[in-house]
Amino acid sequence: MTRDELICGRINIGEEDELIIEGYMPSHIRTIFFLILIIISCGTLLIVISWKPSLRIRLTHSRCSLDQSNSVILKDIFGEEYVEKVEKMIQGCNSAANCIHFYHKKIKYIWRMEINQFVKLKGLESSKCGVIYSMIEGLNTNEVFLRTQLYGLNSILVEIKPIFKLIIEEISGPFYIYQMFIFTIWMIQLYYQFSVCVLLLSIFSVTLHVWQTRKQSLALKKKVHSESEITVIRDGSSVKRMSKELVPGDVILLSTSSKCFTMECDVVLMSGNCIMDESMLTGESVPISKVSLTDDLSSLYSPMTHKINTLFCGTKVLSVQSSDSHYVKAIVVRTGFFTTKGELVRSILFPKPVNFKLKNDLLKCMTIFFCLGIPCMAYTTYCFLQYGARIGDIAIIVLDVATFLVPPLLPAVMTSINAHSQRRLSSKGVFCLNSNAISSCGGIDVMCFDKTGTLTEDSINLLGVIPVNDKSFTPPVRNISQLDIDSKILLSLGACHSLSEHEGKVDGDGLDLNLFDTIKWEFKSDYYSYNNTAFEKNPERIVGPIVECVDTSPDLLVYGIVKQFPFESLLQRLLVIVKQAFTDHYVVIVKGAPELIASFCNQTSLPEDYSIVLESYTRDGLRVLATASKEIDVNLETALTLSRDELESDLNFDGFLVFQNPLKSNTISVLKTIKNANIRSIMITGDNLLTSISVGRECGLIDECDSVVKVDVELYESPNLNQALRVFYSYIKLPGFSEKINLKTNGGLEETLLPNITQNGRYHMAIEGKVFDLIRQNDLKLLNQIVHKGTIFSRMTPNLKLQVIEILQKQGHQVGMCGDGANDCGALRTANAGISLSVAEASVASPFTYKQKDISCVPMLISEGRATLSATIGAFKYQVCYCFVLLGAVLLLFWEGNKPSDGTYVFVDIILNILPPVVFGTTKSYPIIVKQLPTRTILSFLPQFSMYSFIIFQVIIYLGVKYLTVSQIWYEPFKFEISRTHTSEASQISLAIFSVNMISYIISAIIFSPGPPYRSDIFTNKWYLVVVLINFALVSCVVLYPPNFVLTFLN
């Protein structure tokens, strides 16, 4: 490796958490230079490095090779930099490779000498199945000791930061640093009245933020931390150990008598089977069947590809089943933060940086205001030098001018606005974890939705079955009781599922439960105990029709499910091996996506009109599953050892199962509201493409007169021997759609079809996940075009859902995502505003949760977000104008050598300007969502123009008042006295200017309080109206009929 590669490199290459890493070691010379800089900057440098810790490392350390480094700087794909300390163990280190390591976001990275690089520590994932099988006898004490050193304790502990540390982190931000500065300057000037007000409001703002942060941390710690006693094999015998002592490679025993316990680590099942509740991870409280690992020795094990064999940390074991023992064996593959639950917790602790544009704009505005303040401070210096004021007094006054540049109450006002919005949302059933995300909802211009459970009901109704007889579809059968008792399609309905019986109750997927009840079958758990000759060995599950519902001998209709491959979303199918009681043959049954099942079937068993019939139902928005089967003439032992590929080959097609997934009652009305607001809606689902398109048309995502274009691709070898992408566009014809365009099918990309479509009217792109992924890997330009016009994204995996949202964000959109929590967590976290319709732990990472489980919350959030965004910008403009019109009035007095009295400042700062911004956020949102988006940035032309034009106009008026006053015959010029620089005498010019200046605050409180179409009218906010009227009455009294004590107070 080159020297540059040794001191700087990349880790986690190709993964989402890819990092650039640089090595550093301490430098005495640099440290001395750093201390000198701190002294020269009067400690300012310490504040800067608290914002950017990597700067401290670069100033005090020198670059070195990674293996020699004491600290490393990590830079992620978002540009965020992190500093981590490299630990070097000398004693007790079992291997040189593991002696050098560091932790980043709770994950350990170890030094690999053979590649001269740090790598992420992993458990047994990516190991060959043969390696896992070899560990079935358990670990010895020495191996456990070494692995504990390497992996640490099996515990997910959320660090609770001390309160003082949270306070320090909060007040070290730019706004609070500035507030400390102005507090100091004002106290030097003995202007304690407003200083105390600013201090109290800042304390309130900091306290509220620290309390929310600590409350969330404590709640998360309580929710994710668990510990229990586990039976584990150590040194060849079973012993009891606490779960925190487990290490990868440990063999644990799960008793068949145990019920409802939580897994404390990720394990792979080696015998028997389990029924799991994975709602903690998926948001679906549907029991999932898990079976033992049976892959060949050379295949690689992965928790994601072997989901049906893996029990994940945090999920609940509902029942443990074994036909030949009182326990089942499982091998620990991952512990602590390396587990699936640990990854979820890490995603909450260390979320992807959210670019709160509003906050960034505020910081940029601060910079602009400070730049504008430089000539003001120079002007002030010039004025008082002309009058011969002392340098110390001039310095204090100049620094006082700096306190006008940024509104001192800004953090408290922002906190107040967000708190009012959060309270209103909570009253409507929308719970918010991060109040800063509310304003992000105001800028949403694209809204993404999951389909099942979000737009449609969770329940799916069986409409009927379409059996096949002699390679031809028979008429649809709506009444299932009309099926022959020995029909293969009836056997598929009764036995091809992952249902289980737990304490007399049948649990499982809602679809399977619906089918099982419809055909009137039941579990016969005790059948084997009095019919032990019916099967060679007690099957995992025994099912059959309810005795009262059949006329033939019940024993001939009892089936044992001897093996199953549960349904997986990636595989899109379910497989079981069943044996009929008192017979010798076994039947393989597969049920799943029709396109996939057809590829496994013997082509001679498929009807010629297979695709036509399938499309006729999916175009009507119906959900279709296909079922196929075959008999295998083998014994039980052979049947259990056959691979999935062998079982799924040469199947005979049995027919279609047709279901209806109805829309939720308010889906159409909500989507119409969003559409009328000119917000684009997108469906991202795992369902069939034609079904998704039809549901999209039914719910209003696609109008009847719109065209739908399906995108398909294939890879081919180009003349230069590189793989290239050939793109196909086809027009989807659905009932009731107007055929407006005639697309060429099998058209390549070079035919530039996209512009042609545009010329023929409005259209929508529809694409499947596998096609989307191929285009993503080969043609990003085309992918951007498709996402730009895409409305239906079907068969999408969780990662692809996330990719769609990220592409939309890169195109400049603010994206909302609404899902039911099942496989939507990544997308919910990535979106600018993620709305979860599930209250499971998987949705903790989503900023918004709605308990009603429908999309009626989306207009609420958009409306409230727009109100919050416009209120925030309005309050900012009000606060800036208040500071700068006051500064303008003060600068005019400086020209005369005059200075406002403390009484004047108290009246302006506290009496007139402290209440309006505090109650600014109490105005409710406007009941209608209009097409026009609110201004999303303070730095855009209109907000900036409105502020500066108001300030300039007011200052011009003050100038006119000044010259008008000076021109009067009764005017007495102000006489400057060096000894009274900070406590000037009363003056006519001061009275005249501030009499007009006070009116400016009333005007700004009215014109900068936004109303329709984003917030309700100002007259609906009684509190704000009362505050403005009181201020107007006070100003009128002071200007027109001021009592003597008021004049004395104001000087």
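The exercises below treat strand pairing and backbone geometry in a predicted model.

Local features require pLDDT of at least 70 and side-chain atom pairs count only at pLDDT 80 or more, while totals for chains, interfaces and linings use all residues. Residues are numbered from 1 along each chain as its sequence is written, and side-chain values use heavy atoms, with hydrogens and water left out.

**Exercise 1.** Determine which strands are joined to S39 and how its residues are oriented.

*Solution.*
Step 1. Helices (H or I, at least four residues) and strands (E, at least two) are DSSP runs, numbered from the N terminus. Strand S39 covers residues 833-836.
Step 2. Ala-833 and Ile-835 point one way from S39, and Gly-834 and Ser-836 the other way. All are buried, where buried means under 20% relative accessible area, exposed over 50%, and partly exposed in between (1.4 Å probe, protein chains only).
Step 3. Two strands pair if DSSP finds at least two bridges between them. Four bridges join S39 to strand S38 (residues 815-819), and these run parallel; Met-817 stands opposite Gly-834.
Step 4. Strand S40 (residues 848-850) is joined to S39 by two bridges, also in parallel, and in S40 Thr-849 is the bridge partner of Ser-836.

**Exercise 2.** State the strand order of the open sheet that contains S15, and identify its edge strands.

*Solution.*
Step 1. The order of this four-stranded open sheet is S13-S18-S15-S16, with antiparallel pairing.
Step 2. Strand S13 (261-262) and strand S16 (287-291) are the edge strands, as each pairs on one side only.
Step 3. Between strand S15 (residues 273-277) and S16 there are five bridges, with the strands antiparallel. Met-276 stands opposite Ile-288 in S16.

**Exercise 3.** Locate the cis peptide bond at Pro-1013 and the positive phi values at Lys-471 and Phe-582.

*Solution.*
Step 1. Most residues other than glycine have a negative phi, and most peptide bonds are trans.
Step 2. The bond from Pro-1012 to Pro-1013 is cis, with omega near 10°. Pro-1013 lies in the loop between helix H35 (988-1007) and helix H36 (1022-1040).
Step 3. Lys-471, not a glycine, has a positive phi of about 65°. This residue belongs to the loop between strand S22 (461-469) and strand S23 (472-473). Lys-471 is partly exposed, with a relative accessible area of 40%.
Step 4. Phe-582, not a glycine, has a positive phi of about 65°. The loop holding Phe-582 runs between strand S29 (573-580) and strand S30 (586-592). Phe-582 is partly exposed at 41% relative accessibility.
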